[in-house]
Amino acid sequence: MPTDPTCIFCRIAKGEIPAEIVYRDEFCVAFLDVNPLAPGHLLVIPVDHYALVTQAPPAVIGALASVVPRLGAALMQTASAPAFNLLQNNGSDAGQVVQHVHFHLIPRRSGDGLGYRWNAGAYPQGAAREMGDSYRRFLQAGC
Ligand code: AMP
């Protein structure tokens, strides 16, 4: 069972520090984000400690993802939100602050002002094929 005694989310999962836990099973814990982007903002974490999704076994991420439909339905009902963003910051360059894998479920309402559009780019001629080739080579090598 990977765990990190200095990790705040490991400590929440173990009940060592308080959190508003709304769901728990053998593999995952879901609780209210203490600084919500909107009321009802949830975090769902694996009980075991992995900093990044790329370090977690697929079964751990599968267990985490499998509770998202239930949590999302609960969020929409409980937080009276017609929509939500499912967000996972992976790595500090992507904005990850707590280095324990977590998915955010962020309630969204029309006109809530949170925004979500990023500056999308475009591929120069041929670059998408090259990028696709690189991905296919990597994935076919069994990585
Ligand atoms: P991220 O930037 O994706 O790492 O998000 C970490 C999230 O954890 C932030 O939204 C914080 O508000 C939240 N957070 C940090 N400490 C706690 C805590 N003790 N209880 C609940 N949420 C927390």
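## Polar contacts of the ligand

A backbone N or O atom of V97 lies 2.7 Å from an oxygen atom of the ligand. For V98, too, the atom concerned is a backbone N or O, and an oxygen atom of the ligand is 2.9 Å away. N89 makes its approach through the side chain, where an N or O atom is 2.9 Å from a ligand oxygen. The protein buries 82% of the 510 Å² that the ligand exposes when taken alone. The model described here is predicted.

## The shell and the pocket

The ligand has 16 residues around it. Those that come nearest are D33, N89, V97, H102 and H104. By class, the shell around the ligand holds nine nonpolar residues, six polar residues and one charged residue. The space that the ligand takes is the largest pocket.

Which elements each supply at least two residues of this shell? They are helix α1, residues 8-13, and strand β2, residues 28-32. The largest share comes from α1, with three residues of the shell.

## An aromatic pair

How many aromatic pairs does a search of the whole structure find? The search finds one. The partners are F9 and F31, and their arrangement is edge-to-face. A pair of aromatic rings is described by the distance of the centres and the angle of the planes. For F9 and F31 the centres are 5.4 Å apart, and the planes make an angle of 75°. An angle over 60 degrees counts as edge-to-face, which is why this pair carries that label.

F9 belongs to helix α1 and F31 to strand β2. The two residues are 22 residues apart, and the pair links distant parts of the chain. Both elements also take part in the shell, since α1 and β2 each supply at least two of the residues around the ligand.

## The chain as a whole

The protein chain has four helices and five strands. Along the sequence these elements follow the pattern α-β-β-β-α-α-β-β-α. Taken along the principal axes, the C-alpha atoms of the protein chain fill a box of roughly 50 × 45 × 25 Å.

Conventions. Residues numbered from 1 in each chain as written. Predicted model: local features only at pLDDT ≥ 70, side-chain atom pairs only at ≥ 80, totals over all residues. Heavy atoms only, no water. Near = heavy atom within 4 Å. Polar contact = N/O pair within 3.5 Å; in protein donor to acceptor, adjacent residues only side chain to side chain. Areas by Shrake-Rupley, 256 points an atom, 1.4 Å probe, with all protein chains shown as cover. 1 Å grid on protein atoms, 1.4 Å probe; cavity = no way out; pocket = protein on both sides within 12 Å on 5 of 7 lines; lining within 4 Å. Sits in = over half its atoms within 2 Å of the grid points. Nonpolar A, V, L, I, M, F, W, Y, C, P; charged D, E, K, R; others polar. Phe/Tyr/Trp six-rings, centres within 6.5 Å; stacked < 30°, edge-to-face > 60°.
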